[in-house]
Amino acid sequence: MTVFSRFLTIPALAMAVALSTPALPVWADSPAATIASSVVVAELPEKKINKTGLYVTAADSIAAVAARDDVLLVDVRSPEEAMFVGYATPTDILLPFKLVNPDHPYNAKKQIFGMMDNPDFVPQMKAFLADKDPAAVLIMCRSGSRSAAAVDALVEAGVTAPLYTVVDGFEGDKAETGARSVNGWKNAGGDWTYKIRADLMPQGAATN
């Protein structure tokens, strides 16, 4: 998908988005303010709050990328997740915020193997956005926590693009059974695949 042609597209689904006061008020008057969002910010858990105050659901994201050419979709999960769990077909790029720690330390509290920061995340995102001027950049992880942290890291690094958290991510939140079947891109009917594109990650991307 190219951004240059996207500015010629008039969004069919564009509408005012109800948001909390963003940390950087300049974005309130940007084209990003027209991205349709059904998120009730007051209902978000603290771990999903970001510094831009910009949020969408996976369902909102599916509609936005289908209707608009000026919206970018960025997956910040690990390459292993994309390979074994799948990823949204219209994803513009996979830039992992965290990588699986090759030592696989066990996190007893979360009952997972440990992950580590991707030192290349911010420079790779800056390089990706350098020749683009999107109305919105939708940041998606598994269920909305990593993406919020990724947005904050980019804001702290001086990235000024309108950065949205996809609050329920690719797999969604957990149901009472523990299954991620509540929401998220997969459960909202978004197109997704296991087949990794050759250009999904940038050349020289850090991996484990």
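Five bridges join strand E2 (71–75) to strand E9 (136–140), and the two strands run parallel. That pairing is a good place to start our tour. This is a predicted model, in which local features need a pLDDT of at least 70 and side-chain atom pairs count only at pLDDT 80 or more, while totals for chains, interfaces and linings use all residues. Residues are numbered from 1 along each chain as its sequence is written, and side-chain values use heavy atoms, with hydrogens and water left out.

**The sheet**

Helices (H or I, at least four residues) and strands (E, at least two) are DSSP runs, numbered from the N terminus. Two strands pair if DSSP finds at least two bridges between them. Strands of a sheet pair through backbone hydrogen bonds, either parallel or antiparallel. Here, five strands form an open sheet in the order E1-E10-E9-E2-E4, with parallel pairing. E1 and strand E4 (93–94) stand at the edges with a single partner strand each, so one side of each is left without a neighbour in the sheet.

Let's look at who faces whom. Between E2 and E9, valine 74 stands opposite isoleucine 139, and leucine 73 stands opposite leucine 138. Leucine 138 also has a bridge partner in E10, namely tyrosine 164. E9 and E10 are joined by three bridges and run parallel. On the other side of the story, E2 pairs with E4 in the parallel sense over two bridges, and aspartate 75 stands opposite leucine 94 in E4.

Are the residues of E2 buried or exposed? Five of its five residues are buried, where buried means under 20% relative accessible area, exposed means over 50%, and partly exposed lies in between (1.4 Å probe, protein chains only). In a regular strand the side chains alternate between the two faces of the sheet. In E2, Val71, Leu73 and Asp75 are on one side and Leu72 and Val74 on the other, and all are buried. E9 also has five of five residues buried, so it is largely enclosed by the rest of the structure. Its two covered faces hold Ala136, Leu138 and Met140 on one side, with Val137 and Ile139 on the other.

**The helices around it**

In helix H1 (residues 58–67), the buried residues are Ala58, Asp60, Ser61, Ala64 and Val65. Seen down the axis of H1, these residues fall within an arc of 145°, so they line one face of the helix; the arc is that of the directions from the helix axis to the C-beta atoms. They pack against several elements, among them strands E1 (55–56) and E10 (163–166) and helix H5 (184–187). Contact here means heavy atoms within 4.5 Å.

Helix H3 (residues 121–129) lies across E2, E4 and E9 and runs at about 155° to E2. Helix H4 (residues 145–156) lies across E9 and E10, at about 165° to E10. For these angles, axes are lines fitted to C-alpha atoms, for helices over the stretch in contact, and the values run from 0 to 180 degrees between N-to-C directions.

How do H3 and H4 meet, and at what angle do their axes cross? The axes come within 10 Å and cross at roughly 75°. H3 and H4 are therefore roughly perpendicular to each other, a label for angles of 65 to 115 degrees (under 35 counts as roughly parallel, over 145 as roughly antiparallel, and the rest as oblique). Phe121, Val122 and Met125 of H3 make the contact with Ala150, Ala153 and Leu154 of H4.

**Salt bridges**

A salt bridge is a side-chain nitrogen of Lys or Arg within 4 Å of a carboxyl oxygen of Asp or Glu. By this rule the count comes to eight. The table includes three of them.

| Pair | N to O distance |
|---|---|
| glutamate 156 and lysine 51 | 2.6 Å |
| arginine 77 and aspartate 75 | 2.7 Å |
| arginine 146 and glutamate 81 | 2.8 Å |

Arginine 146 lies in helix H4 and glutamate 81 in helix H2 (residues 79–85), so the pair ties together parts that are 65 residues apart in sequence. Arginine 146 is buried at 16% relative accessible area, and glutamate 81 is buried at 13%.

Arginine 77 is buried as well, with a relative accessible area of 0%, and its partner aspartate 75 is buried at 1%.

Glutamate 156, by contrast, is exposed at 56%, and lysine 51 is partly exposed at 35%.
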